[in-house]
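Here are a few exercises to help you find your way around a new structure. Try each task yourself before you read the solution below it.

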Amino acid sequence: MNDPVLRRGTWWQQQDDGAWLRWNDASSTWERSETPPPPPDGAELPPAPPMPGHGGLAPYSATPGQVPNYLVWAILVTLFCFLPTGIAAIVFASQVNTKLAAGDVAGAVEASNKAKMWTIISAVVGVVVLVIVIAASAGTTTNVTFNP
C-alpha cells in the first residue's frame with residue numbers, strides 16, 4: 001500500500017492491487033473510488049488521515065454529546081428501582097465523559113454500554129420486586145371491625 005497523497009483537498013491512497021481509496025471527511029473513513037485522483041497541484045500537505053486497516057482512531061474524536069452517558073437514568077433507577085445495580089450504573093455512567101475528555105473514545109463507548117446495561121438490569125429487577133410485593137400483599141387481608 002502506498003503513502004496517502006493530497007489532491008485538491010482530498011486524501012487518496014493507492015492499494016497494492018492498483019485500486020484507489022478516497023478519504024471521506026464526513027464519515028471519517030476510507031472509501032473505494034472508481035476513478036483515480038486528479039493530478040497533483042503542488043499544495044502544502046496537512047497531516048495524513050490514518051492508514052486503512054491499521055486501527056487507531058479517526059482524526060476526529062467524539063464529543064460528550066455523541067456518546068450517551070445514561071447518568072440521569074442511572075440515578076433514577078438507583079433511587080426508585082434497585083440500589084445495588086443502580087450504583088454500578090452510576091459508576092459506569094460517570095466514566096463516560098471522563099474517558100472522552102482523555103481521548104479514550106473506545107473506553108467511553110464501553111463505559112456507556114455498561115451503564116446502559118446496568119440501568120436496564122436495575123429497572124427490570126425493580127419492577128420484578130414491585131410485582132412480588134404487590135402479589136404478596138394482595139394475599140393478605142385485614143378485617144377491621146368496630147364493636148360498640
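## Exercise 1: a polar partner for T85

The side chains of T85 and S122 are joined by a polar contact of 2.6 Å. Keep in mind that you're looking at a predicted model.

**Task.** Work out where T85 sits, whether T85 is buried or exposed, and which residues T85 touches.

**Solution.**
- Step 1: Find the element. T85 belongs to helix α2, which covers residues 83–101.
- Step 2: Check the accessibility. T85 has 12% relative accessibility, and buried means under 20%, so T85 is buried.
- Step 3: List the neighbours. Leaving aside residues up to four places away in sequence, T85 touches W118, I121 and S122. S122 is also the partner in that 2.6 Å polar contact between side chains.

## Exercise 2: the layout of the chain

**Task.** How many helices and strands does the chain have, and in what order do the elements run from the N terminus?

**Solution.**
- Step 1: Count them up. You should get three helices and four strands.
- Step 2: Walk along from the N terminus. The order reads β-β-β-β-α-α-α.
- Step 3: Look at the chain overall. There are 148 residues, and 25% of them count as buried.
- Step 4: Turn to the surface. The chain exposes about 10000 Å², with 63% of that supplied by carbon and sulfur atoms.

## Exercise 3: salt bridges

**Task.** How many salt bridges are there, and what parts of the chain do they link?

**Solution.**
- Step 1: Count. There are two salt bridges.
- Step 2: Take D17 and R32, whose side chains meet in a salt bridge at 3.6 Å, N to O. D17 is in the loop between β2 (10–14) and β3 (20–24), while R32 is in strand β4 (residues 29–33), so this pair ties together parts 15 residues apart in sequence. Both D17 and R32 are exposed.
- Step 3: Now take E110 and K114, where the N to O distance is 3.2 Å. Both of these residues lie in helix α3 (residues 105–138), four residues apart, or about one turn of the helix. E110 is partly exposed at 43% relative accessible area, and K114 is partly exposed too, at 32%.

## Exercise 4: an aromatic pair

**Task.** Are the ring planes of W23 and W30 stacked or edge-to-face?

**Solution.**
- Step 1: Count the aromatic pairs. There is one.
- Step 2: Check the geometry. The ring centres of W23 and W30 are 5.4 Å apart and the planes meet at 70 degrees; over 60 counts as edge-to-face, so that's what this pair is.
- Step 3: Check the surroundings. W23 is buried at 8% relative accessibility, and W30 is buried at 15%.

## Exercise 5: a nonpolar patch

**Task.** Which residues make the nonpolar surface patch, and is W73 buried or exposed?

**Solution.**
- Step 1: Name the members. V72, W73, I75, L76, L79 and F80 make a patch of about 680 Å².
- Step 2: Place W73. You'll find W73 in helix α1, residues 71–80.
- Step 3: Decide on W73. Exposed means over 50%, and W73 has 54% relative accessibility, so W73 is exposed.

## Exercise 6: V124 and V77

**Task.** What distance separates the C-alpha atoms of V124 and V77?

**Solution.**
- Step 1: Locate V124, which is in helix α3 and partly exposed at 47% relative accessibility.
- Step 2: Read off the distance. The two C-alpha atoms are separated by 9.6 Å, with V124 and V77 being 47 residues apart along the chain.

Notes. Residues are numbered from 1 along each chain as its sequence is written. This is a predicted model: local features need pLDDT of at least 70, side-chain atom pairs count only at pLDDT 80 or more; totals for chains, interfaces and linings use all residues. Side-chain values use heavy atoms; hydrogens and water are left out. Helices (H or I, at least four residues) and strands (E, at least two) are DSSP runs, numbered from the N terminus. Buried means under 20% relative accessible area, exposed over 50%, partly exposed in between (1.4 Å probe, protein chains only). A polar contact is a pair of N or O atoms within 3.5 Å; within protein, one must be able to donate a hydrogen and the other to accept it, and residues adjacent in sequence count only if both atoms are side-chain atoms. Contact means heavy atoms within 4.5 Å. Patches are made of residues with over 30% relative accessible area and no salt bridge: like charges are joined within 9 Å, nonpolar side chains (Val, Leu, Ile, Met, Phe, Trp, Tyr) within 5 Å. Accessible areas come from the Shrake-Rupley method with a 1.4 Å probe; for residues, only the protein chains shown count as cover. A salt bridge is a side-chain nitrogen of Lys or Arg within 4 Å of a carboxyl oxygen of Asp or Glu. Rings of Phe, Tyr and Trp (its six-membered ring) pair if their centres lie within 6.5 Å; planes under 30 degrees apart count as stacked, over 60 as edge-to-face and the rest as tilted.
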